[in-house]
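This report describes selected features of one protein model, shown below. It takes up the nonpolar cores, a sheet, a pocket and a loop residue in turn.

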Amino acid sequence: MPIPRSAVLTVVFLVMTVVSALPAAAREDPVQELRRSAAKARAELEKATKQMESRKKELARSQYKLRVTLKDLAKAEADLNRIREPLARLANASYQQPGAAGSMSIFGGGDASDALRATADVTHIANGQQALVRQADELQRRRQQLASTAQDLQSRNAVEQTRLQQEIDGLKAKSLQITRELTAKLKKLEADQERRLRAICDSDLSANARRFPNGLIPDRYLCPLPQKGEQLRADAALAFYKLNAAYKRRFGRHMCVTDSYRSLADQQRVYYQRPGFAAVPGTSNHGKGQALDLCGGIENASTVQFNWLEANSRRYGWFHPAWAYSNPYEPWHWEYGSESDS
């Protein structure tokens with residue numbers, strides 16, 4: 001049993017009364033809330049990204065330090081390898097002549113000059129050996145220090161790389177979660193918008209709209225479309241909501257509308273701009289609230305969007321009139337109803 005129009009108006013009045021009684025925060029524009037959520041999410045991601053970039057730079061500096069350290073370590077090992085052979089020869093010579101000549105040999109037999117000369121030679125050899133030993137010790141200590149530094153850097157860098165990768169993975173996960181939350185809010189917002197449009201678009205309005213001359217339909221007998229500023233006769237609008245929803249499921253966005261209901265004044269303006277092409281003012285289907293001019297790809301024949309609409313529009317009560325294929329050629333023009341209504 002249909003609900004009387006008076007009962008519908010009463011319900012709408014009560015809803016509007018309750019909404020107007022809500023505090024300002026409760027009546028806040030959901031689009032503004034979505035914008036704020038998106039801005040907050042963007043700020044959080046930007047902050048996290050900057051922190052991650054800073055950590056990357058620190059790691060890069062540490063990696064550079066590690067490369068320099070490893071290069072110095074390789075040089076220290078090469079220097080140590082170079083003195084190992086002469087050091088081994090000196091050690092071997094000292095082993096083969098233990099005490100053969102030394103500071104006490106001057107008290108032994110033989111010529112004193114030879115003894116002094118021998119002592120000087122041994123002392124010189126000993127000094128050279130000590131210098132090599134000191135050099136070897138210094139190189140060994142440096143090598144150990146560099147090896148320790150390199151090992152520490154490698155260990156710390158490995159930990160930092162793991163931590164950085166965890167941060168990157170965490171940032172990706174956070175970004176994905178934020179995207180899901182914002183997308184869910186957007187879908188809810190669009191669903192709420194469609195419900196609101198359906199709620200305020202009473203199909204009974206179309207009968208009242210037909211009583212008025214072409215282009216002179218009062219706004220209160222027209223229904224708004226999801227596209228801001230566009231409106232149609234109630235029956236056409238309700239059918240368009242369904243067509244638009246199907247289009248959005250296919251292409252991921254609302255249909256692009258450039259023109260819908262056109263008042264008599266607008267018809268005159270268009271007629272003067274396009275004499276010979278636009279309908280005579282007072283005869284356009286736009287003035288009946290049952291025609292649309294579309295864009296977003298549909299305005300060009302043979303596009304994916306145009307072909308989809310051509311294949312699917314009639315199941316929602318919309319069609320591309322025969323005249324619009326040739327005289328004049330207007331792939332963007334679509335109408336609601338049937339050819340006989342045109």
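Two residues are in contact when they have heavy atoms within 4.5 Å of each other. The model is predicted, and the contacts below are computed from it.

**Nonpolar cores**

With neighbours within four places in sequence left aside, W318 is in contact with L232, A236, A239, F240, L243, Q290, A291, L292, S313, W334, E335 and Y336. The largest nonpolar core has 32 residues, and W318 and F240 are the members that touch the most others. Two or more residues of this core come from each of helix 4 (205-209), strand 1 (222-224), helix 5 (234-251), strand 4, helix 7 (304-312) and strand 6. Helix 5 is the leading contributor, giving 10 residues. A second core, separate from this one, has eight residues, among them M52, L164, L171 and I178.

**The four-stranded sheet**

Four strands form an open sheet in the order 3-4-6-5, with antiparallel pairing. Strand 3 (256-259) and strand 5 (318-319) are the edge strands; each has a single partner strand, so one side of each lacks a neighbour in the sheet. Strand 4 (residues 291-295) and strand 6 run antiparallel and are joined by three bridges. A291 has E335 of strand 6 as its bridge partner. Both A291 and E335 also appear among the contacts of W318. In general, the strands of a sheet pair through backbone hydrogen bonds, in either a parallel or an antiparallel manner.

**The second largest pocket**

The second largest pocket has a volume of about 320 Å³. Its lining comprises 21 residues, and R262, A279, S284, H286 and H333 are those nearest the centre. Helix 6 (264-273) and strand 6 (333-336) are the elements that give two or more residues to this lining. Helix 6 gives the most, with three residues. Strand 6 thus has a place in the sheet order, in the largest nonpolar core and in the lining of this pocket. The lining divides by class as follows.

| Class of lining residue | Number in the second largest pocket |
|---|---|
| Nonpolar | eight residues |
| Polar | seven residues |
| Charged | six residues |

**A loop residue with positive phi**

S302 lies in the loop that runs between strand 4 and helix 7. The phi angle of S302 is near 75°, a positive value in a residue other than glycine. Is S302 buried or exposed? S302 has a relative accessible area of 61% and is therefore exposed, since the cut-off for that class is over 50%.

Key
Residues numbered from 1 in each chain as written. Predicted model: local features only at pLDDT ≥ 70, side-chain atom pairs only at ≥ 80, totals over all residues. Heavy atoms only, no water. 1 Å grid on protein atoms, 1.4 Å probe; cavity = no way out; pocket = protein on both sides within 12 Å on 5 of 7 lines; lining within 4 Å. Points joined across faces, edges and corners; volume = space filled by probe spheres on them. Nonpolar A, V, L, I, M, F, W, Y, C, P; charged D, E, K, R; others polar. Pairing = 2+ DSSP bridges. Core = buried A, V, L, I, M, F, W, Y, C linked by side-chain atoms within 4.5 Å. Buried < 20%, exposed > 50% of the residue type's maximum accessible area, 1.4 Å probe, protein only.
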